[in-house]
Amino acid sequence: MNLISTVAQRVLWAAILLLAVLVLNFSMMHLAPGDVADTIAQSMGGADAEVLEQIRTDYGLDQPFLSQLSNYVGKVLHFDLGYSYFYNQPVTKLIFEKLPATLILVITAQLLALIIGVLLGVYSARNQEGWVSHFVTLFALFGYSAPVFWTGILLLIAFSLKIPLFPVAGMVDVTVEGGAIAKFLDLLRHMVLPVITLASIFIALYSRLCRATMMEVLQTDYIRTAKSKGLSTREIIYKHALKNSLSPVITLAGLQFSAVVSGAVLVETVFSWPGLGTLALQSIIARDTPTILGILFFSALVVIVGNLLTDLALRFVDPRVRGH
Amino acid sequence: MNDLKNDSRSDGLAQNTDTQADLNAGINAEQLTTKARHPAADALGMFLKNRAATVALFFLVLIIITGIVGPMVYKTDPFDMVWAPFSPPGAEGFLLGTDYLGRDILAGILYGTRVSLLVGLSAALMTVFIGVSIGAMAGFFRGWVEEALMRLTEFFQVLPTLLFSMVIVALFGPTLPIITIAIGAVSWPAVARITRSEFLRIRELEYVTASRASGSKNAKLMFKVILPNALPPIIVQAALMVGSAILFEAGLSFLGLTDPNIVSWGQIIGSNRPYILDASYTVTFPGLAIFFTVLCLSLVGDGLNDALNPKLRQR
Amino acid sequence: MSALLSVENLRIELDTRAGVAPVIDDLSFSLNAGETLSFVGESGCGKSMTALAIMGLLPEKIGRVASGSILFNGEDITKASDERLREIRGNDISMIFQEPMTSLNPVFTIGEQVAEVLRRHQKLGRKAAWSTAVELLNSVRIPDAARRAKSYPHQLSGGQRQRVMIAMALACKPRILIADEPTTALDVTIQAQIFDLLEDLQAQTGSAIIMITHDMGVVAEIAERMIVMYAGRMVEHGNVDDVLSRPRHPYTKGLIGCVPHLMATLTDSRPELTEISGIVPGLNEFGQNACLFASRCNLVGQQCVQARPKEKQFENTQLSACWHAESV
């Protein structure tokens, strides 16, 4: 019961946040200098005053701001994000074409970063003078300081251009023949470099935090209790200590979803990954307002869903969050 | 059943385990010798003890001087086509080579230093200003003010930072002030959270209660009593913010969302990206510049953390 | 009869910033099966270090057994392998700690934390371990144990958590139970309940108990023999009745003088409460060839600051490390 009502509250708050995102973005678009009708006309190859007027009526641009806003929100509630005048497609369709690619990238990178980060952190906390520990310290610094697009380009130069191990760009190779397995392997081959690039920042972040919390947890009374029970080192580390070290890492991971999406935009650009980031850059340059709004909406949705999942994971890991 | 806790020996350690007391005794003995020093001197000492941070600070000063003096000394215009495109580093006196338009990479990096540092610093200042104001009010006033401000913070944390500032820059024009605002507008929530938790912690401390009891006004309590004590973690965060603002600016200009009339590190990488097969150095060197600057800033941040965090100081 | 546990000339060293300090300095004692032995002294006197040494849980890297031996059933624990120590811990020798609030793992149910010991040492299966754990929780008087077993530590009061710790420690009916200030963090009313519980359970399991405390009242109530520690050294040793009625060390005398209730019951008069003036020596003073209590002692003489007192055996069970033991 407790869980259900908390989740319900969370979902309601998430919906309010999303609505706020919509309103803010829409207002921002309208505050911006420049005439949308002009942009639309340009994408159609220029127009005279009469056509501009026509465009304004078609797109409802002649109406007062508030009614435009409520129109837009109403349409979004019906899963209609408008029509892209740059791509000549409904925005929803456009986004659903690109969203899976971004999700694959974001989710794989986040999971990989969590797993590797935690393993590195645990290992280096146990062997504080070992080379892995020093590696984690250095990697944490480097991973944080290197611009992600630069890391990506360097990896691209090294492992696709100089040593052609991985494809240079894209997500699938249309010339690959064969069944689902061959297609899947091809996807994996394309994923390696972008995922490593994106994950590297977060591996750095998580391993450093996990190392610090693990070192703290290993000093606690309940670890002493676990030792006094005669448990094996493996049980003490991977059962008693790890579960306690996870919640700060998961909390941090939850706060990073927005950063992961941001990183994905850059990584997609470097590796020509056909996702929302690439679409976002194109539509921003083309000033394709409906598409931009749609992407902002969906990326906020990704972050919010990510936060919700984090909360659930936290409740799973730490009973204290569940309340009394 | 009575216990010795009530007796008048009151060594104050009755609650400690023996182990802790043993360890404390060892530490106390050593601390006696350093007690008399001024706190600022103490902090400086701690900072200098962190050798990496000291070296990083030295290089950071060097980078700042380069940003100011570099373009005055090395007069090549970064937009001029000075030699054949793709001249490798060292050729014809161009230390870092030329790019796809035959522009001098070294000149670009020197001019870019200014932009990166300027945007990094001003965006960090803006971030700290917004974050501290919001966090301080939330932590000080509690109640509905806190609720509302923290909801606002949460809202801004949901916005995908880079996408949002890309849109701002695209809509309002790619000028340095707009870029700075775009970065500041999305980066402040972290600072707000830290400030709020510090305020929440400090406002319950006795000297704050004492000051309140002696009739201090809210403004005095906030800015003269609580804020100075909340500053250490904020300063550390601010140092890290400069680094992340530089990374942020680099990302934006890599994507082409930057003033086309100003050279910046990210922009050199972005514009040379199509030619990495022929001239990888055109992206390597500007990237190194970003990497090295941000690395120095994070090391200095670490050093500040050592110097200003009293909890760590005791370790 | 040979002793269950016999500690011989134990010296434990701890690395501190000021150098190496002997936190246990030449300690010898023995423990017989089923008896209760109490360690008394102020914080920092080395009581807990003794306990941790017996458990093989001295702080890693900074603490070590420098010399001496700890014989459990004739086996020297200080030389045992890690694997062997893990077999002993929680099974033959177990321990409960001072801080029930932090000594249980917050993210596992209490049933799991008890059952875990049974799975480890008694090789019970999941189900059997769980139902035994519930029985154990019941035996430490956790109400509604079957349901409570699924609770997490934060849902329990301090007293209940300490009961869980006791259930955990006694799960395998250990030969020795070390209780390190088990009630210091609890309310006075709860303290009495916990001691009653410990005594009842001791009657059932036949475990010997090493009770570490700074509370003379506890000693009088629960222990048969007692060892008074000061600055890493044993200063007095003997049967509780003997020591309390006629302490042979000025420090013991001082400790007894601090407890009003105890004095009243022992003498039926109301003597003035006394205090021990001065402070415990710092770790850097440990190990000197002198009486470490000298600075706080009103019997102090020339000899006290020149040499470490020899232990004097009295007619009864008492043993005192004081140059002026006869005149105390």
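In strand E8 of chain C, C:Ile210 is the bridge partner of C:Leu37. This pairing belongs to a predicted model, and it offers a convenient point from which to explore chain C. Strands of a sheet pair through backbone hydrogen bonds, in either a parallel or an antiparallel sense. Strand E3 of chain C and strand E8, which spans residues 208-213, pair in the parallel sense over 5 bridges. Strand E3 also pairs with strand E9 (residues 225-230) of chain C, again in the parallel sense, over 4 bridges. In that second pairing, C:Leu37 has C:Arg225 as its bridge partner in E9.

These strands are part of an open sheet of 8 strands in chain C, in the order E6-E7-E8-E3-E9-E10-E12-E11 and with mixed pairing. The edges of this sheet are strand E6 (93-96) and strand E11 (312-313) of chain C, each of which pairs on one side only. Strand E7 of chain C, residues 176-180, pairs with E8 in the parallel sense over 5 bridges. Within E8, C:Met211 is the bridge partner of C:Ala179.

How much of strand E3 of chain C is buried? Strand E3 covers residues 36-40, and 5 of the 5 are buried, so the rest of the structure largely encloses this strand. Both of its faces are covered: C:Thr36, C:Ser38 and C:Val40 are buried on one side, and C:Leu37 and C:Phe39 are buried on the other. Helix H1 of chain C, residues 47-55, is likewise mostly covered, with 9 of its 9 residues buried. Among them are C:Lys47, C:Met49, C:Leu52 and C:Ile54. After helix H1 comes C:Gly56, whose phi is positive, near 70°.

Charged side chains provide a further theme. Side chains of opposite charge can pair when their charged atoms come close. Over all chains, a search of the whole structure finds 27 salt bridges. One of the partners already met, C:Arg225, forms a salt bridge with C:Glu35, with the closest N and O atoms 2.4 Å apart. C:Arg225 lies in strand E9 of chain C and C:Glu35 in the loop between E2 and E3, so the pair ties together parts that are 190 residues apart in sequence. Both C:Arg225 and C:Glu35 are buried.

A second salt bridge in chain C joins the side chains of C:Arg233 and C:Asp25, at 3.4 Å from N to O. Because C:Arg233 lies in strand E10 (residues 233-239) and C:Asp25 in strand E2 (residues 19-31) of chain C, this pair ties together parts that are 208 residues apart in sequence. C:Arg233 and C:Asp25 are both buried. A salt bridge in chain A has a different setting: A:Glu97 and A:Lys93 are joined with their closest N and O atoms 3.6 Å apart. Both residues lie in helix H5 (residues 91-126) of chain A, 4 residues apart, which is about one turn of the helix. An α-helix has 3.6 residues a turn, so residues three or four places apart point the same way. A:Glu97 is partly exposed at 45% relative accessibility, and A:Lys93 is partly exposed with a relative accessible area of 45%.

The chains also meet one another. Chain A and chain B bury about 4,100 Å² between them, of which carbon and sulfur atoms give 79%. A:Tyr144, A:Phe149 and A:Trp150 supply 15% of the area that chain A buries against chain B, more than any other three residues. The contact takes 46 residues from chain A and 42 residues from chain B. Between these chains the count is 1 salt bridge; B:Asp302 forms a salt bridge with A:Arg208, with the closest N and O atoms 3.3 Å apart.

Chain C and chain A bury about 2,300 Å² between them, with 56% of it on carbon and sulfur atoms. C:Val107, C:Glu116 and C:His154 supply 26% of the area that chain C buries against chain A, more than any other three residues. This contact takes 29 residues from chain C and 23 residues from chain A. Across the interface there are 3 salt bridges, including the one between C:Glu116 and A:Lys229, whose closest N and O atoms are 2.7 Å apart.

Finally, chain B carries a nonpolar patch on the surface, with about 690 Å² of accessible area together; its members include B:Leu57, B:Ile64 and B:Met72. B:Ile64 lies in helix H3 (residues 51-73) of chain B and is partly exposed, with a relative accessible area of 37%.

How values were computed:
Residues are numbered from 1 along each chain as its sequence is written. Chains are lettered from A and ligands numbered from 1 in the order in which they are written. This is a predicted model: local features need pLDDT of at least 70, side-chain atom pairs count only at pLDDT 80 or more; totals for chains, interfaces and linings use all residues. Side-chain values use heavy atoms; hydrogens and water are left out. Patches are made of residues with over 30% relative accessible area and no salt bridge: like charges are joined within 9 Å, nonpolar side chains (Val, Leu, Ile, Met, Phe, Trp, Tyr) within 5 Å. Accessible areas come from the Shrake-Rupley method with a 1.4 Å probe; for residues, only the protein chains shown count as cover. A salt bridge is a side-chain nitrogen of Lys or Arg within 4 Å of a carboxyl oxygen of Asp or Glu. Helices (H or I, at least four residues) and strands (E, at least two) are DSSP runs, numbered from the N terminus. Buried means under 20% relative accessible area, exposed over 50%, partly exposed in between (1.4 Å probe, protein chains only). Two strands pair if DSSP finds at least two bridges between them. Contact means heavy atoms within 4.5 Å. Buried area is the accessible area (1.4 Å probe) that two parts lose on being put together, summed over both.
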